Number of protein chains: 2
Amino acid sequence: MAEQGTNVAHDETERLIASNKVEGTAVYNRQGEKLGSIHNFMVEKVSGRVEYAVMTAGGGLLGSARYYPLPWDVLTYSTERGGYEVDFEPGRLEGAPSYQGEEQPRFDRDYDDRVRGHYGRR
Amino acid sequence: MAEQGTNVAHDETERLIASNKVEGTAVYNRQGEKLGSIHNFMVEKVSGRVEYAVMTAGGGLLGSARYYPLPWDVLTYSTERGGYEVDFEPGRLEGAPSYQGEEQPRFDRDYDDRVRGHYGRR
């Protein structure tokens with residue numbers, strides 16, 4: 001798990017960002033409401049490309065955490081907020097491809113189409 | 001930090017692997033000697049491509065840990081060893097681009113050329 005906020009910039013260069021600093025970083029919508037935080041990256045083994053940044057939301061008293069795979073290019077880092085910003089409303093997550101704890105999906109091509117389609121990325 | 005060994009497979013699918021499961025995973029040479037473990041991934045922000053898997057070695061009683069950026073395609077996961085395998089000898093790390101704690105390099109194009117050149121990846 002990563003340290004939060006100010007440390008995000010520490011392992012960041014102009015071009016690159018460190019995975020363990022991203023994990024745990026908050027995700028906000030354009031209105032500044034916190035939607036969740038980054039759980040991990042799912043990386044394609046052969047190419048080394050990040051297929052998804054997985055956001056976790058909920059958990060604690062609200063029940064079990066849910067995991068939302070997000071296409072990489074949905075996220076923009078905001079130095080102002082000290083976290084990632086996404087360009088969709090909180091309601092966008094309802095009906096979005098997601099899973100809980102042990103029920104992790106098969107991350108196959110069909111799933112990828114669903115995720116990218118949901119966020120308008122083709 | 002990731003759990004080790006057996007948990008690596010948990011968040012793995014045929015195509016994808018989870019960043020937080022890779023962090024902490026051991027790295028061995030072909031002879032089965034442990035060289036270090038994966039510290040993190042350095043990801044290119046725009047493309048979402050993993051530029052390096054950073055291996056950490058040493059530390060503890062031996063002194064400060066050193067960090068070795070490795071091109072993604074140098075690493076092969078070995079289910080037999082429960083960790084990554086690299087196709088070079090331990091001596092290959094001597095003189096390899098590396099850094100300690102706070103002295104992290106500028107990860108610019110020149111550095112990338114040095115890293116890829118050292119491991120024979122162009």
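Select B:E51 first and display its surroundings: leaving out residues up to four places away in sequence, B:E51 touches A:R15 and A:L16 from the other chain, together with B:M42, B:V43, B:E44, B:L70, B:P71, B:W72 and B:D112 from its own. Please keep in mind throughout that this is a predicted model. B:E51 is found in strand 4 of chain B, and because its relative accessibility is 2%, B:E51 counts as buried, the cut-off being under 20%.

From there, move to one of the residues that B:E51 touches, B:E44, which lies in strand 3 of chain B. Is B:E44 buried or exposed? With a relative accessible area of 12%, B:E44 is buried. If you show the side chains, you will find a polar contact of 2.7 Å between those of B:E44 and B:S47. Setting aside neighbours within four places in sequence, B:E44 is also in contact with A:R15, A:L16 and A:W72 across the interface, and with B:R49, B:E51 and B:R109 in chain B.

Now select A:E51 and B:R15 as a pair. These two residues form a salt bridge, in which the closest N and O atoms are 3.6 Å apart. Across the interface of chain B and chain A the rule finds four salt bridges, and it also finds 18 residue pairs in polar contact there, both residues being at pLDDT 80 or more. To see which elements of chain B are involved, colour strand 1 (16-18), helix 1 (19-22), strand 3 (34-44), strand 4 (50-58) and helix 2 (109-118), since each of these supplies at least two residues of the side of chain B that touches chain A. Strand 3 of chain B gives the most to that side, with six residues.

Next, show the whole interface. The contact takes 36 residues from chain B and 36 residues from chain A, and the area buried between the two chains is about 3100 Å², of which carbon and sulfur atoms give 45%. Within chain B, select B:R15, B:L16 and B:K45, which lose the most area to chain A and together account for 25% of what that side buries.

Then step back until both chains are in view. How can chain B be laid on chain A? A turn of 180° with a shift of 0.0 Å along the axis does this, with an RMSD of 0.0 Å, and that is the relation of a two-fold axis. To locate the axis from chain B, select the C-alpha of B:R49, which is the nearest in that chain, 2.1 Å from the axis. The same surface serves both copies, as 100% of the contact residues of chain B recur in chain A.

For the interior, select A:F41 and B:F41, which touch the most other members of the largest nonpolar core, a set of 64 residues. Around B:F41, residues up to four places away in sequence not being counted, the residues touched are A:I17, A:A18, A:S19 and A:V43 from chain A, and B:S19, B:V22, B:V50, B:Y52, B:A53 and B:W72 from chain B. In soluble globular proteins, nonpolar side chains tend to be buried together.

Finish with chain A alone, shown as a cartoon. Chain A has two helices and eight strands, and from the N terminus on its elements run β-α-β-β-β-β-β-β-β-α. Of the 122 residues in chain A, 54% are buried. Among the contacts in chain A with a separation of 6 or more, 43% are between residues 24 or more positions apart.

Note on methods. Residues numbered from 1 in each chain as written. Chains lettered and ligands numbered in written order. Predicted model: local features only at pLDDT ≥ 70, side-chain atom pairs only at ≥ 80, totals over all residues. Heavy atoms only, no water. Core = buried A, V, L, I, M, F, W, Y, C linked by side-chain atoms within 4.5 Å. Buried < 20%, exposed > 50% of the residue type's maximum accessible area, 1.4 Å probe, protein only. Contact = heavy atoms within 4.5 Å. Least-squares fit on C-alpha atoms with pLDDT ≥ 70 in both. Buried area = accessible area lost by both parts, 1.4 Å probe. Salt bridge = Lys/Arg side-chain N within 4 Å of Asp/Glu carboxyl O. Polar contact = N/O pair within 3.5 Å; in protein donor to acceptor, adjacent residues only side chain to side chain. Helix = DSSP H or I, 4+ residues; strand = E, 2+ residues; numbered from the N terminus.
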